[in-house]
Amino acid sequence: MKTLDEFIVEKQQEFSQATGDLTALLSAIKLGAKIINRDINKAGLLDILGETGSRGEVQMNLDLHANEKLKAALKARGEVAGIASEEEEKIVIFNNERSQNGKYVILMAPLDGAENVEVNVTVGTIFSIYRRISPVGQPATEEDFLQPGNRQVAAGYVVYGSSTMLVYTTGYGVHAFTYDPSLGVFCLSHEKVRYPEKGTMYSVNQGNYIKFPAGVKKYIKYCQEQDEATLRPYHSRYIGSLVADFHRNLLKGGIFMYPSTASFPQGKLRLLYECNPMAFLSEQAGGKGSDGTGRILDITPEQLHQRSPFFVGVCSMVDDAERFIAQNPE
Ligand code: P6P
């Protein structure tokens, strides 16, 4: 059994700064994950469910609870100069002296799919880590957060499912750790996770079908056709929780799609703290992350909470989706 801490120390030289930064950063995320894991497991017994008004989307109290726990854990680490969060309108700059000397900024979705907790369905935490570009020793600025996804130094997620797992990459492969609550540690369970060569699952909310772009509709029909040579029809699997759908597709081979829809003309998922980290992980596992026309990680962000259409998973499946979209321009 190898714990996350032991694994990180062993691999520390692979992180961009071999000074123990990754250990500190992931330790803070690990602490936040343990607290969130504990609280969602008894959410029904605590007064942390229920909806609160918010910008554009219903926020669950649990979302806000997870945000506060992760923010506190990260603020306590001198390596983090500030965070951006799905639950925060603006960037949160950590103004204490230690944090102003922090070299990293973190973007996060503290509890993606929180609405699923009420019905006991898997949810997740997503994080994305960048080296700041503003001068160390001064407060972080918004430019630190609006970097293209190809500048990430680390990214990962925690999936709170039948077991709780932390999955991350620093650009040297994808590694997964399963939480052992009896010991309070994350133990290495999957080293260098790779997508299967071929995928047989597609994840999309078919309820939006009528409003999808023509190319997406044609690709979905392609997934449903009978063709043994290409293992079709694929299985349709959709949990409605990005981290859960992504994690299953990573292990079993599939594609996740959230195209533009009538309700979300730019797509629903957030570029900075949902699409970019998942695309980084996907590429590191031998897959792809696309907005339907090009590499997600090459998009230069303009706004903190901007959305993007998202196609992520096995290379050949994302290639097929892009091909149908290109052949059927709107
Ligand atoms: P829909 C959860 O709200 C989320 O942000 C992702 O985790 C998930 O993939 C998507 O939205 C589900 O959206 O519109 O299919 O319910």
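Which residue in strand 13 is the bridge partner of Met 201? It is Gly 254, and the views below start from that strand. This is a predicted model, in which local features need pLDDT of at least 70, side-chain atom pairs count only at pLDDT 80 or more, and totals for chains, interfaces and linings use all residues. Residues are numbered from 1 along each chain as its sequence is written, and side-chain values use heavy atoms, with hydrogens and water left out.

**View 1. Five strands make an open, mixed sheet.** The strand order is 12-11-13-15-14, where strands (E, at least two residues) and helices (H or I, at least four) are DSSP runs numbered from the N terminus. Two strands pair if DSSP finds at least two bridges between them. At the edges sit strand 12 (235–236) and strand 14 (287–290), each pairing on one side only. Strands 11 and 13 run parallel and are joined by three bridges.

**View 2. Strand 13 meets strand 15 in the antiparallel sense.** Here residues 254–258 pair with residues 310–314 over four bridges. Look for Ile 255 opposite Gly 313, and for Tyr 258 with its bridge partner Phe 310.

**View 3. Strand 13 is largely enclosed by the rest of the structure, because five of its five residues are buried.** Buried means under 20% relative accessible area, with exposed over 50% and partly exposed in between (1.4 Å probe, protein chains only). Gly 254, Phe 256 and Tyr 258 point one way, while Ile 255 and Met 257 point the other. In a regular strand, side chains alternate between the two faces of the sheet.

**View 4. Helix 7 and helix 8 meet the strands.** Helix 7 (residues 271–284) lies across strand 14 and strand 15, at about 20° to strand 15. Helix 8 (residues 315–327) packs on the sheet, touching strand 11 (201–203), strand 13, strand 14 and strand 15, and its direction makes about 145° with that of strand 15. Contact means heavy atoms within 4.5 Å; axes are lines fitted to C-alpha atoms, for helices over the stretch in contact, with angles from 0 to 180 degrees between N-to-C directions.

**View 5. The ligand is surrounded by 13 residues.** The closest are Asp 112, Glu 115, Tyr 238, Leu 242 and Tyr 258; a residue is near a molecule if one of its heavy atoms lies within 4 Å. A polar side-chain atom of Glu 115 lies 2.6 Å from a ligand oxygen atom. For Asn 205, a side-chain N or O atom is 2.9 Å from an oxygen atom of the ligand. Leu 242 contributes a backbone N or O atom, 2.8 Å from a ligand oxygen atom.

Notes: Polar contact = N/O pair within 3.5 Å; in protein donor to acceptor, adjacent residues only side chain to side chain.
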